[in-house]
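Please study the structure shown below before attempting the exercises. Each task is followed by a worked solution.

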Amino acid sequence: MRAKIVAGNWKMNNDKKESKQLIKDLKKSIKRLKFKNTRVIVAPTFVNLSSSIKAAKKSRVEVVAQNMHHAKNGAYTGEISADMLKSIGIKTVILGHSERRTYFNETDASLALKVDAVLANELETIFCFGELLEDRKANNHFAVVESQLTNALFHLNASAWSSIVLAYEPVWAIGTGETASAEQAQEMHAFIRGIIAKKYTTEVADAVSILYGGSVKPANAEEIFSKPDVDGGLIGGAALNVNDFTGIIKAI
Ligand code: PGA
């Protein structure tokens, strides 16, 4: 059975002390929750990964990275490699977030290289993608999502998919307070599973966790998570508040 996942993407928020405190508070607030086959993930900024891993010890909170460079090492000032992340105990890396695509010029082609590097290093990725508002308005959203997946992921062989978690994040819903409806999320997630089944097999498609992201809050999480092809959420703003994030975890 594919895993359910609630992942908090902290983006460029929380200094060292705040990161440790938020993890401490989160550990406490989820301690008594009973949940099976469900992963709780937080993604602090690079400089706070080590201290966050330490803070999350002996809990079910997994600490993951927000990004990674594709090269093994070398003259890439300001970048972080897979080896560096692995050396501090990171096992999972978020890739392709829309803010990285928009502000840092990441493309399907550059992301394909990063995905290859993740897999070559036996890491896992939470791979983000999703259409712009103009794509949805033009009724192009299915085509855009299909091309994002085809160009960045469909060169992989079937076995690689056990290291891939997908996060569908319509760009118009990120940080805007506007969520896709539960029906819109389900419709897209079912479409995604369908194209994976067509390219690979139904077994591969059924095993991949597909998260929804974009203004998920405690108030709307339950409805979105109730859909059969929605396996959890990638949470931005609401992940910075322990009560909101716990509320979303409870919803799953
Ligand atoms: P949001 O961000 O929950 O603040 O909309 C989601 C994301 O960027 O992953």
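The exercises below concern a predicted model.

**Exercise 1.** Determine how many helices and strands the protein has, and assess how compact the protein is for its length.

*Solution.* Begin with the secondary structure: the protein has 11 helices and eight strands. Next, take the radius of gyration, which is 17 Å. The globule rule gives 18 Å for 252 residues. The two values are close, so the protein is as compact as a globular protein of that length. Along the principal axes, the C-alpha atoms fill a box of roughly 45 × 45 × 35 Å.

**Exercise 2.** State what share of the residues is buried, and describe the contacts and the accessible surface.

*Solution.* Of the 252 residues, 52% count as buried. Now consider contacts between residues at least 6 apart in sequence: 71% of these join residues at least 24 apart. Finally, the accessible surface comes to about 11900 Å², and carbon and sulfur atoms account for 52% of that area.

**Exercise 3.** Classify the aromatic pair of Phe127 and Phe129, and decide whether each residue is buried or exposed.

*Solution.* The structure holds seven aromatic pairs. In the pair of Phe127 and Phe129, the ring centres are 6.3 Å apart and the planes meet at 25°. Planes under 30 degrees apart count as stacked, so this pair is stacked. For burial, the cut-off is under 20% relative accessible area. Phe127 has 0% and is therefore buried; Phe129, with 2%, is also buried. Both residues belong to one aromatic cluster together with Tyr168 and Tyr212.

Methods
Residues are numbered from 1 along each chain as its sequence is written. This is a predicted model: local features need pLDDT of at least 70, side-chain atom pairs count only at pLDDT 80 or more; totals for chains, interfaces and linings use all residues. Side-chain values use heavy atoms; hydrogens and water are left out. Helices (H or I, at least four residues) and strands (E, at least two) are DSSP runs, numbered from the N terminus. The radius of gyration is taken over C-alpha atoms; the globule rule is 2.2 Å times the number of residues to the power 0.38. Buried means under 20% relative accessible area, exposed over 50%, partly exposed in between (1.4 Å probe, protein chains only). Contact means heavy atoms within 4.5 Å. Accessible areas come from the Shrake-Rupley method with a 1.4 Å probe; for residues, only the protein chains shown count as cover. Rings of Phe, Tyr and Trp (its six-membered ring) pair if their centres lie within 6.5 Å; planes under 30 degrees apart count as stacked, over 60 as edge-to-face and the rest as tilted.
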